[in-house]
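Subject: Structure for you to look at

Hello,

I am passing on a structure that I would like you to look through at your own pace. Please open it beside this message, and then read on for what was found in it.

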Amino acid sequence: LVVCCALGCAIQERNAPIGAAFLEDVDTTKTADNVPFAHAAVWNAPQTDSYKTILIRPVRVDLLPEDAWKASHSTAIGSREEYLTEAVAIGEYLRTELIKRLKSFDPPRFAIVDQAGTGTLVVEIALTELEFSRPVARAAALAVPLPGVDVAFSAASDPHTAFAMRITDCANGKLLATAADRKFPPARIVDFNKLTATSSVREICGYWAEE
């Protein structure tokens with residue numbers, strides 16, 4: 001019964017619609033077949049040669065709910081301040097991974113810049129959900145020899161995160177495209193990433209940057 005209840009809650013959470021945080025002015029139910037995110041849309045298609053540079057602003061964490069840290073409370077994260085410190089680090093990791101992958105194109109499609117100018121795309125990303133793993137509880141669940149205990153724990157409190165992104169024209173502020181997604185770690189029989197607070201979320205950020 002515990003396993004069934006936990007799985008039911010987890011399925012509901014995983015399948016919940018993407019929230020409108022940071023994207024209140026667009027229809028977040030719109031999707032694109034060739035983009036593996038829950039929401040993706042191009043609102044104003046530019047000429048392909050209109051933009052030569054791209055500015056990726058620091059990832060915002062100020063839109064995370066006030067009490068979001070409580071779901072991540074553990075020996076690693078004991079307060080909202082510690083949660084926000086880790087959230088900032090995760091945001092910087094996502095930005096760094098994204099820049100790294102953009103620079104890896106040969107020949108490069110965009111020059112990465114620190115200041116916007118003519119022909120610059122501006123990328124703004126916000127983390128809208130963020131739950132870290134709880135290492136001690138995870139280790140205890142793995143150690144319990146009762147069938148279903150770890151499954152129930154994982155279902156009820158899997159680490160995950162969600163982002164929302166806006167891409168605009170630097171010159172006129174016109175909204176060109178938006179995207180948003182929520183992601184959980186891939187299912188594994190034993191996931192050692194969950195034995196540290198941030199490894200699972202970093203894995204998700206690496207996937208997003210690649211996509």
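To begin with one pair of residues, Tyr 83 is buried, and Phe 132 is buried as well. Please keep in mind throughout that this is a predicted model. By the rule used for ring pairs, there are three aromatic pairs in the model, and one of them joins these two residues: the ring centres of Tyr 83 and Phe 132 are 5.7 Å apart and their planes meet at 75°, so the pair counts as edge-to-face. The pair brings together distant parts of the chain, since Tyr 83 belongs to helix α2 (residues 80-103), while Phe 132 sits in the loop between β4 (120-131) and α3 (135-143), 49 residues apart.

Another aromatic pair is made by Phe 163 and Trp 208, which is edge-to-face, with 4.7 Å from centre to centre and 70° between the planes. This pair also links distant parts of the chain, with Phe 163 in strand β5 (residues 160-169) and Trp 208 in helix α5 (residues 199-210), 45 residues apart. Phe 163 and Trp 208 are both buried, and ring pairs join them with Phe 37 into a cluster.

It may help to set these details against the whole chain, which has five helices and six strands. Read from the N terminus, the elements follow the order α-β-β-α-β-β-α-α-β-β-α, and 43% of the 211 residues count as buried.

Where is Arg 182 placed, and is Arg 182 buried or exposed? Arg 182 is found in strand β6 (residues 175-183), and its relative accessible area is 14%, which is under the 20% cut-off, so Arg 182 counts as buried. The side chain of Arg 182 makes a polar contact with the side chain of Glu 129 at 3.0 Å, and a polar atom of the Arg 182 side chain also lies 3.3 Å from the backbone oxygen of Pro 17.

There are also charged side chains placed over aromatic rings. The charged end of Lys 183 sits over the ring of Tyr 207, at 4.3 Å from the ring centre, and the charged end of Arg 202 sits over the ring of Tyr 93, at 4.9 Å from the ring centre.

A smaller detail to look for is Ser 79, which lies in the loop between β2 and α2. The side chain of Ser 79 reaches the backbone nitrogen of Glu 82 at 3.2 Å, and, from C-alpha to C-alpha, Ser 79 is 7.2 Å from Trp 69, although the two are 10 residues apart in sequence.

Finally, please look at the largest pocket, which has a volume of about 1,100 Å³. Which residues lie nearest the centre of this pocket? Of the 35 residues that line the pocket, those nearest its centre are Phe 37, Leu 102, Met 165, Ile 167 and Glu 211. The elements that contribute two or more residues to the lining are β1 (39-42), β2 (53-56), α2, β4, β5, β6 and α5. Sorted by class, the lining of the largest pocket consists of 26 nonpolar, five polar and four charged residues.

With best wishes

Key
Residues are numbered from 1 along each chain as its sequence is written. This is a predicted model: local features need pLDDT of at least 70, side-chain atom pairs count only at pLDDT 80 or more; totals for chains, interfaces and linings use all residues. Side-chain values use heavy atoms; hydrogens and water are left out. Helices (H or I, at least four residues) and strands (E, at least two) are DSSP runs, numbered from the N terminus. Buried means under 20% relative accessible area, exposed over 50%, partly exposed in between (1.4 Å probe, protein chains only). A polar contact is a pair of N or O atoms within 3.5 Å; within protein, one must be able to donate a hydrogen and the other to accept it, and residues adjacent in sequence count only if both atoms are side-chain atoms. Rings of Phe, Tyr and Trp (its six-membered ring) pair if their centres lie within 6.5 Å; planes under 30 degrees apart count as stacked, over 60 as edge-to-face and the rest as tilted. A charge sits over a ring if NZ of Lys or CZ of Arg is within 6 Å of the ring centre and within 35 degrees of the ring normal. On a 1 Å grid over the protein atoms alone, a cavity is a set of points where a 1.4 Å probe fits but cannot get out, and a pocket is an open set with protein on both sides within 12 Å along at least five of seven lines; lining residues have an atom within 4 Å of a point. Grid points are joined across faces, edges and corners, and a volume is the space filled by probe spheres set on the points. Ala, Val, Leu, Ile, Met, Phe, Trp, Tyr, Cys and Pro count as nonpolar, Asp, Glu, Lys and Arg as charged, and the others, Gly among them, as polar.
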